[in-house]
Amino acid sequence: MLFASLLLAAAPAEIPAFDRAAVLRACAAKEGGDLDGQYDCLRDEIEDHHQFMVLWQNDKAERRAGYHQCFAEKWDEDEGQPDWGMTIHCIENAADPKLEVADSGGRFDLKKATAHCEGEKANPTTYPDGSLSGQDIGACLSDAAAGHRSFRLIRAKYQ
């Protein structure tokens, strides 16, 4: 718990602080009497908030308007807090593959990502429920760029 407290230390003033009490209430409401579920919920929220803060602190300053928009849109009205997991999802959906090529100094290989996405579209995986993995190429490229950006920013923080 000490580690979690350190992770949740002061956030920049423009970012709402992580409210542990509100998250605990939301997790208890969501999971009822399932203490393992409450724990998993709390852990997920802590991880999502931490990931948001790492991205926020290490991404370019001009991207912060998009971050603000995402946590403003993904607000938990009951608890008066951003839904950190949905905020991360929103940020990742806004990823632009061409910007990631530029921002990463060419380490994000758009040609290779496009080939992968075309392969996914042509040969989708069938999941046990019968659904298929093949998404449109634009969404696939956005996912690839988002994953690359997140990993690049997190790696930069901890190297």
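In the predicted model, helices α5 and α8 are roughly perpendicular to each other. Helix α5 spans residues 84–93 and helix α8 spans residues 137–158; their axes come within 8 Å and cross at roughly 115°. An angle of 115° still counts as roughly perpendicular because that class runs from 65 to 115 degrees. On the α5 side the contact involves I91, E92 and N93, which meet S142, D143, A146, R149 and S150 of α8. Sorted by class, the residues joining α5 to α8 are 2 nonpolar, 3 polar and 3 charged.

Helix α8 also packs against α3, and these two helices are likewise roughly perpendicular to each other. Their axes cross at roughly 80° and come within 9 Å. Helix α3 contributes H50, Q51, V54, L55, Q57 and N58 to this contact, while α8 contributes S150, L153, I154, K157 and Y158. The α3–α8 contact comprises 5 nonpolar residues, 5 polar residues and 1 charged residue. S150 of α8 takes part in the contact with α5 and in the contact with α3.

The largest nonpolar core has 19 residues, and the members touching the most others are I15, F52, W56 and Y67. At least two residues of this core come from each of α2 (20–31), α3 (35–58), α4 (64–73) and α5. The most is given by α3, with 7 residues. Leaving aside residues up to four places away in sequence, I15 touches F52, M53, W56, F71 and W84. A second core, separate from this one, has 8 residues, including A95, C117, L141 and A146. A146 is also one of the α8 residues that meet α5.

Four of the aromatic residues, F52, W56, Y67 and W84, form one cluster. The structure as a whole holds 4 aromatic pairs. In the pair of F52 and W56, the ring centres are 6.1 Å apart and the planes lie at 20°, so the rings are stacked. F52 and W56 both belong to helix α3, where a spacing of 4 residues separates them by about one helical turn. F52 is buried, at 0% relative accessibility. W56 is buried as well, with a relative accessible area of 2%. Among the contacts of I15 are both F52 and W56, and W84 of the aromatic cluster is also touched by I15.

Helix α5 carries T87, a buried residue with a relative accessible area of 0%. With residues up to four places away in sequence not counted, T87 touches F52, C70, F71, K74 and P82. F52 and F71 are thus listed among the contacts of T87 and also among those of I15.

A26 lies in helix α2. At 25% relative accessibility, A26 is partly exposed, because a residue counts as buried under 20% relative accessible area and as exposed over 50%. Along the chain, A26 and L42 are 16 residues apart, and the distance between their C-alpha atoms is 9.0 Å.

Definitions and conventions: Residues numbered from 1 in each chain as written. Predicted model: local features only at pLDDT ≥ 70, side-chain atom pairs only at ≥ 80, totals over all residues. Heavy atoms only, no water. Axes fitted to C-alpha atoms, helices over the stretch in contact; angles between N-to-C directions. Parallel < 35°, antiparallel > 145°, perpendicular 65-115°, else oblique. Contact = heavy atoms within 4.5 Å. Nonpolar A, V, L, I, M, F, W, Y, C, P; charged D, E, K, R; others polar. Core = buried A, V, L, I, M, F, W, Y, C linked by side-chain atoms within 4.5 Å. Buried < 20%, exposed > 50% of the residue type's maximum accessible area, 1.4 Å probe, protein only. Phe/Tyr/Trp six-rings, centres within 6.5 Å; stacked < 30°, edge-to-face > 60°.
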